[in-house]
Each structure stands twice: as structure tokens, then as C-alpha cells.
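Trainee: Could you give me a close look at a single part here, taking your time over the details? I'd love one connected walk through it.

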Amino acid sequence: MTQDIDRARDAALEAIRTAGSVADLDQVVADHLGKRGTLATLKKGLGSIGDPDERKQAGASMHAARAAVEEAADERRASLGDAEIDARIADERLDLTEHRHAGSRGHLHIVTQAWERLEDVFLGLGFSVAEGPEVETDWHNFEALNMGEGHPARGEFDTLFVDHVPPGGSAGSTLLRTHTSPVQIRTMLTQEPPIYVVAPGRVFRRDTPDATHMPVFHQIEGLVVDRGISMTDLAGTIEAFTKAFFGSGFTSRLRPSYFPFTEPSAEFDIQRPDGSWLELGGCGMVHPEVIRAGGLDPEEWSGFAFGFGIDRMAVMRHGVADIRDMYVNDIRFIEQF
Amino acid sequence: MKILLSWLNDFAHFADVDDAEAVAAIASDLTSLGLAVEEVVPTGRGVDGVVSARVLRVETHPDAAKVRRVWVDAGDGEERHVWCGASNMGAGDLVPLATLGTAMPDGRTIERRGILGIDSEGMLCSGVELGVNDDDGGILLLDRSADAGLPYTEVLGTRPDVLFDLDVTRNRPDCWSHLGVARDLAARRGFDIAMPTMVSERLGAPRSVPVEIIAGDRCARFTTTVLSGVRVTESPAWIRQRLSAAGMRPINNVVDVSNLVMLELGQPNHAYDLEQLAGESIRVRLASDGERLTTLDGVERTLDAADLLICDGEDRPIGLGGVMGGLDSEISESTTVVALETAWFTPRGVMETAARHGLRSEASARYERGVDPYVIAAAVGRFIALLSESCPDLVAHAGGADERSASLPEQTRTAVLRGSVLDRVLGTSLDPDRVTGMLAAIGFDSVPVEAGLEVSLPSWRPDCAAEIDVVEEVARLHGYENIGRTVPRADVFGHLSPAQRRRRRVREVLVGLGVSEAMPNPFLAPDELERAGLSGPHLSITNPLAVEESALRTSLRPGLLKALSYNESHRREGVALFEIGHTYPPSEEELPDEQEVLAVVLAGCEAPAAVAVWDEVCAALGVGAQLDQSSPGEGMHPTRSATLRAGRDLLGVVGEVHPAVLAAFEVSERVAVLEVRLDVLLARSEKVVGATAVARTPSSDLDLAFLLDDEVPAERLTKALRQGAGSRLVSLDLFDVFRGDSLGDGRRSLAYRLRLQDPTGSLTDGDIATIRQACVDGAERIGATLR
């Protein structure tokens, strides 16, 4: 019996040694160790051995044989598996530079990118974002901003007028907003102070397009109305914005200027780390008449406002040579950013 | 405004023109005062190395016909030879010679250069080459009586000076004069200013030019002064030099003095030849429609009833009030008696007349901003003093006219400045005495009153009327740079509104889908909406720059189609663009029915691509709409488009652009398009999605294919299958659509895979069979048959 077991064991080991694949090996294992396999068949015969010693000895042989076969099968399986993975790896080689760039991502307009960056900086400074219509009434765009009919400053805006006539109103009283400042009035009329808002938006001027001007462009307006707001708050906010948006190496200054809707009025300039100055925008303390037009009492509420161009931020950031390039909608321009 | 440092120095000595550091400090002070210095230009310095030279003789050379040999003496007695292309000089003339080594303004360096083997020892210069004038017709001829060997600038009488080009804001008419700028600068520096020499005596016998102001609301003051003994000649060198340096061309002594007074004190004025002034009197009235006047610039102008005229005693127009004099009464060489006009016109009237005639003069620019109505006496006195220099026999006659009307601004106006307001607005705590002193330095005298300071507002500051105007003056003089910096700390926090956050999400989704953002012009040509198949009314700009940009869009599609056409014509096909922008349909309300719209165009794509974009936008925003293919929308492909409806709201359109519209916009590819009311979508309240635990029980797939008539939308079959599968349906996927002869015309096969799962246990074969039957029954009810 023991000899039968040894023969069966040797046959199994030989079959395992010569198995060519994991699948072959699985078959070999089934043939020898499976329910109807050679060793299993012999095992069933163990019970018929009468002599206890002989039976015991045959049982030990059987146990050893099975262990040897299983161990050999495991070893063989491991080496066969490694070889198969190696073969697959070798077979699957790819050159990753052989791909074609699909360019499937879309691109945000650089004015939108500048707009959102500006919004984000002001959100961080505690401002919310206000909006208003692009077609405006003369009252919101001029009158309420301390520019009554015939005010000489109106002439500087090169206003585009729209042929909409409001009920009971007159022709020529509807226009494309020339600045985002009417949002100041709309915000004060609809929102209780304290007001801390920026109003980015599209504005319109009757300007012939050239490398630095478009008749349709974008501004961002800031408005703060609260108790006890002073010009130091304006100067400090402009400085905080300058550092947050341009970087800690930049600083700002205010110098006197004139806008009908602010007093005192100022231009604000940005100083680059190299010491050069850049005129950025206008600002000032909200004129008492404007606070009044917004339905608030200037003796109780004071505030400041500022505004500047968004397009120019995009032009400066990306070194756009001609502002008109941003509005041709040439995909070759858009997809650069 | 061009301001000369030498002129400012006449009021108080601010800086030497050669002291670069002091000049820079003045520029910095001016900017800090709100008089922004755009440019600092050194003038009158001349070109080093160019000297006066006497022409000894001029020769021609037989082999060089185009040039002359000029022999000159540059003051050292030595004969020098130069070649010269010009021929306007002769022996005895004094000419500028650029000696060897001179660096010319155009960048050339004068070198020894030869023609025909004969060297030139320098170059004779034209006015253009030296930057003296714009005459390039020949060599600049200097005053023959001067010596050779001097710097040519000395012969010309030009002196080094510095010109500040100021950007004077509209609220500072006083700074359209040297006096006004000097006053501000002196206040900053703590200097007193000295007024220039004036003649206040009128020693001549009374002689009047009476004035009648008829249009009193347009002309508030009109004075005349008669001056006899006038001799019209060239101005003294210093006056010519000063005017040239300030950018004005010298004409004759009378006109030059007139201009000088205006640049110095800000008062425009006009000298009439009294012998040419019929009736020796003046009427100030409005023009009648169609009346004509030829102005000094030689243009005959047709006037209307809103134009203000200065007329002679016979009521003939001799000037356009506040804008420009007439040609007929101009000073001539034979003039001996002049009537000097100094007047004050209401700013708005001058502004409107100047704008109407497109005629902006030095006078109108000042009047429309607001001249000091009370500087007239000084201006007349200065005029007499200056004209006396060139007219020794000048007599100023007593008894001139000074007519005034009710519209003349008060000479003294006041405002009360409360100390509490000053510090509240500026965030400062300024010493009251210092405030009083700063204001006094610019002529804002003040007296303490109970509330604070009662401040007199000077007549040259028409922009100042209220307390806040005085606050600004204090801030300006204190210096904005000396105002502190604080950041307001309010009990607020910055945040985007839900709609603003959702707008950003839409942009992110679209960019993720490979669509890029465009910003087309919102102004269209009048026919472009129609070409896009859109028939509704639209608004227009009444004063457009060009008619091609005059229609206000009611849809974003025309702009995006133009962008696709542009890209296609530049060999970029398959472009995917979106725009988020406003449309402006007409309305009966206070303002047009302005809407925020999202439009997407996908070149080279079929309608389902646009539907897929719409589905993604819907998923991102948690919104939805019914696709109504029975009404495809204007300008859309009739069999490949649908309108998007939510309840009764029409949200937009989705599908493909009508082939005729594509042709009209010269787009050769198909274009899938989505255009929706973004404002409506953003306004929908944001629904928070509740989490559903993922079931861990096994799922089973069920594949079903049906035949369905083309008339029945697939959406109905989808809905029937969803109903049939009930609560155990996890997902439903239309994985194949097939049309073919084997199926017969007008039908297609739709194959779906349903994934089924019961979260409470395994589905048995029986469960699945029941679900299958329910699906088939439901499908059959809408006319679908199982394949």
C-alpha cells in the first residue's frame, strides 16, 4: 500500500513539475488530490487494511504524500502565476507619449477669470456681491449720483441711449449704464445698512474701439455704508485689497480727484515692487446727496465707494497686447488660458 | 493745462528751473493737491553745441548741384566751411551752426563729413531740427544784429523753463490759470503770493462803449474798457517767449496780451477794433434761427435761438458769446483804439453752444467750467499794464461799462463747517487753528460760530457750496497721504448669494464638458435677429457708433453663431462655445425686460449633444423641464428641436439650429444649441439632496428591446418601463437604438437595460419574471411590442 501511495505521489509530483500553465496545474491537482483523484482513491482503501500498525503506517504515508503534493503544487502555482503576469506585462507594453492630446477641457473667458478672482478677494474682505441691470434709467445712472440734468460731468461719459420709453416717461431717459455706480443706489434703496458690497458688471460707453478701449467693458464697484465710516476706512480697504489681490509687495496711495458722486474724491494708484506707479481707479466718500438719493440720512450713515476696470486686470495679468483680442471670440485665443 | 514754472515763480519763488530735485518736489506737491502732473517737460534749453554763426559767403560747386558751400564765422574769426542743402541764407545772415560733436535732438551726432573730398565742419540747422518751430523750409535765420559765437538760444531769447502738463479736474476751473495753481501750491508750501503789476488808474477822458444785456440768463456780467494810443506791433520778446513756451503762437501785441491775461488770471477777454464797432455800443442777445456769423477761425456758422451773440450798435453779430469772436471786428495793423471786453457767461450756455458748433476754444473751455466773475477788475488792470509795455502812448479811458444781470453769482457765499463732521468724514482729529490756517491760505476765510466755522467761499471756487466741499479742501491741503488707514470691522460676513454660487457651478460644469466661454458683442446689426430666425421686436440704441451695432439683442444665438462662423473661417471646426449674458427684450415697464440667459453652441454636433449638456446643467442645478418637440422654437431645426418648459414658463430651446439660419450665418457645420433663461434657473431654490444608503443586496439586470413607432417619443416608453419596474428599479439605460429594413418603415427598436435590486433581500427568479411582465404590459399599452 505504501508503495502504491509513493507511486501515486511521484506521479503527481511529476505531473506538477511538467504542468505548463496554472490551468494545467489546476487539472493535475484535481486529478491527484480531487475527490476522484489517485490519492483520494488510495485513501479510501486505507480503511480496509486490517493490521493496525500497517494501517497507521499507510495513513502516515498518505498524509506525507498529500502534504508533499500540495506543497509542490503551491510552489509550482506561484512560479507559473509569476510567469503568466510577467508575460502579460511584457505583452501589454504601451508608449505613453504616443497619445494625442484631446484638449477636451473648456476655457473660461479671461475677463470672467479676473472677475471671479476679484470677487473672491472682496469676499475675503467681508464684502458680498450685488448686481443690477445693464439698461438703466437716467435717474439711477446720473441723477441719483449727483449729476442732475445738464451736469457737465455727464458729457464725459459718452452715453449710449436706448429707444425704450417708460410708461409716463420721456424718450432719452433710458440708457446703457455707463458705470456700475447705479448699483450703489439700487443697493441702498433695497438693503438696510450696514452695506458692504462689490458690484462687478458690464458697462457701456460710446467709445470707438482701439487697443485699450472697448465700447462694452467691465467694471467692479465697491460700496460701504455704515455708521462712522471715514476716509481712513477707505484708504485702509484700498490698501488691504491691493495687498490681497496684487501681492504683499504692492502698496497703494490716494490722491485728490473729482467725481460728482463722491466727496472727498480720489484716484487710487498702485505701486509695484519696482517702485513704479499704476493708476487703477477712482474712489471717495459717498457724497451726502447720493446717500440721500439712496433713501438714507447722511447725518446718520456715511460710506465710501470705489471702482475700477476688470478688463484691464485681465489684460495686465496675461499681457494682452490689444484689448479687442479678448472680444473676437477666436478659439485660438480663448483656449490659451 | 500747461503751466510754466517761471510763471509760477512770478507769484512766489517756488523753485529754480535748473534745480531738478526742487522741480520734482513741485510736481509731487501738485499731484498731491489733486492737480495731477501728467508730464514734466524741460523747455527752452536748446541743443548744446549749436552757436550763432555769421554767413561770410555762399558758393556753389560745379559737381554738386543740390548743395551749397557756405563759409561761416562762428565768432572766433576763423572761416569754417559747411555743406548745406538749403539756400535761404546769404552773406551777413546769422544762422545756427551745430558744431562738430553736437548731439542733435533726432539722435544724430554731427561729424566731419565730406562731399567730393571736402569735409563739412558742422551743420546749419532749420527750426525743425532744433525744435524751435515747425518750419523745415530752410535754415533758421537769427536776428542779424546779434553777435556770432553765442548759444543760439541766447540770440532767440529763450530761457530754460519747466512746463508742467496738468490734468485739471472739472471742479477746478480756477486752475485753468497760473494764478490758481500758484495759489494752491503756495498754500501747501506756506508761501504768500504776490499779484502781478496792474494798472488801476483810468487817466483818459471818459469814453464809453455802452452795453445792453438782453439775454440776462446767459450773460451775467459784461464790461468794456476803451484803450487808445494802441500801436499794433510784435510783442516784446519775453511775452512771445512765454506764450510759445506755454504752447500758444504769438500773433501781435494786443492779441498776445489778451492771451497772456487769460493764461495768467483765467479771465477770457476780447479786444475789438473800436473803429470797426458800428454804433460804438454792444448788445448781448440770443441769436435768431438761421442767423449767420463768421467766427475768427474763418468758418461761417449758422446759429439758432439757443446761441448767445455779442452784437454791435447796429445789432450785427460780432462774436459768439463766450466761445469765439467774429472775424470782422478783429484787430488789424491799423487799429489804434480798442474796446476791451471782459465778461462772464453762464457755464451751461457756453457748454451747449460750444458742443453744438463743435467749437471748443480756450475761452469756452474756461467759461463752461466757471470763470471767477469777480476777477474782471484785475484782468483789465493787468491787460493795461502789459499792453503799455509795447504801446508807450496807451491811454486807458475812464467811464467804461460794467453791466450785470440777476444771474451773476454772489461774490460772498458761506458754508458752516462743523468740526465733528470734518473729523468724522476724514477719520482725523485736526487742530482747529490749523484748519483755519489751511483754509485761509486758499482764500477760504473763516470765523468761529457756535456750530464750528463759518467759511467764506471765494468767487473763484464755484464748485464749493456746501460743508462737504470745505471738508474736501481740508483733506486736500492736509494731504491724502497723511490720512490714516483702518479697515472697517462690521458685524457682516462676505458671501455669494445662492444664485451667484449656482452661476459659478454652471460655468464649471460647462468647462468640464469641454465648452469654452465667449463674450460676443451684445449689440447687433438691425437684421441679425431676423437672420437668426427670430421675429420678435427689439430695442435699439438711438446714437450708435455704427448701425451694425445698434440693435439690442433678444437672444445670444446671433453672437455665438457669428463666433462659430469666424472660427470656421479660420480653420477651426467643431468649436464648442457658451455665453452667459443679458438680453434686452422690449417691455411696457420702467425698464426693458432684461434677462440673464445661458446659451451653448456645439459646432459639428447633433441635437442630442445639446440635450446632454442641458441634462448636465439640470443635474448640477437640481432643476428640470419638459422637452416639447411639438413646438421647436424660432430659428431652430423644425424636426430636431424642442422648447423647454417648466409648468407655464417657457425656459428656452434645445436642439439644432435651423439649416437656413446656419446658411445665413455662413456656418457649414451642424450646430447643436441650447438657450435657456438662466435667471429663472438660478432663482429656483437650491434643494439639498438627502443621502440614500447604498443597498448591499445583489442586483440583477434585465434587458428588454421593443419596437415602437417613430411618432411615439422614446420618453413615453421610458416612463412606462419605470412605472412597470416600480420601486425595485435602480437604473434604466437606453443602450441601443436601431432602425432598419428588417423592422419596416416608421419604426425603431429601442433596447433598455434595467438594473433591479431589492434593498431588503435577494430577488428571486419569480420576482424578476413578475417585473418583466409588468414592463412588457406597460410598454404594450403605449403601442410598443417586445422584440
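Mentor: Happy to! Let's begin at Pro194(A), which sits in the loop between α7 (182-190) and β4 (195-204) of chain A; helices (H or I, at least four residues) and strands (E, at least two) are DSSP runs, numbered from the N terminus. This is a predicted model, where local features need pLDDT of at least 70 and side-chain atom pairs count only at pLDDT 80 or more, while totals for chains, interfaces and linings use all residues. Residues are numbered from 1 along each chain as its sequence is written, and chains are lettered from A and ligands numbered from 1 in the order in which they are written.

Back in that loop, the peptide bond from Pro193(A) to Pro194(A) is cis, and its omega is near 5 degrees. The strand β4 of chain A belongs to an open sheet of seven strands with mixed pairing, in the order β1-β4-β5-β9-β8-β7-β6; two strands pair if DSSP finds at least two bridges between them. At the edges of this sheet stand β1 (128-129) and β6 (251-259) of chain A; each has a single partner strand, so one side of each is left without a neighbour in the sheet.

Now for the β6 edge. Here β6(A) runs antiparallel to β7 (residues 262-271) of chain A, and eight bridges join the pair. One bridge to look for in your viewer links Phe259(A) with Thr262(A) in β7(A). Strand β7 of chain A also holds Pro264(A), and the peptide bond joining Glu263(A) to Pro264(A) is cis, with omega about -5 degrees. Most peptide bonds are trans.

The sheet also takes part in the meeting of the two chains. In all, 70 residues of chain A are in contact with 71 residues of chain B, contact being C-beta atoms, placed from the backbone, within 7 Å. Among the elements of chain A that each supply at least two residues of the side touching chain B are β1, β5 (216-226), β6 and β7, along with the helices α5 (110-124) and α8 (231-246). The largest share of that side, eight residues, comes from α8(A).

Finally, two backbone details in chain B. Arg571(B) is not a glycine, yet its phi is positive at about 65 degrees; its place is in the loop between α16 (557-569) and β29 (576-583) of chain B. Glu666(B), likewise a residue other than glycine, has a positive phi near 55 degrees and is found in the loop between α18 (659-664) and β34 (671-677) of chain B.
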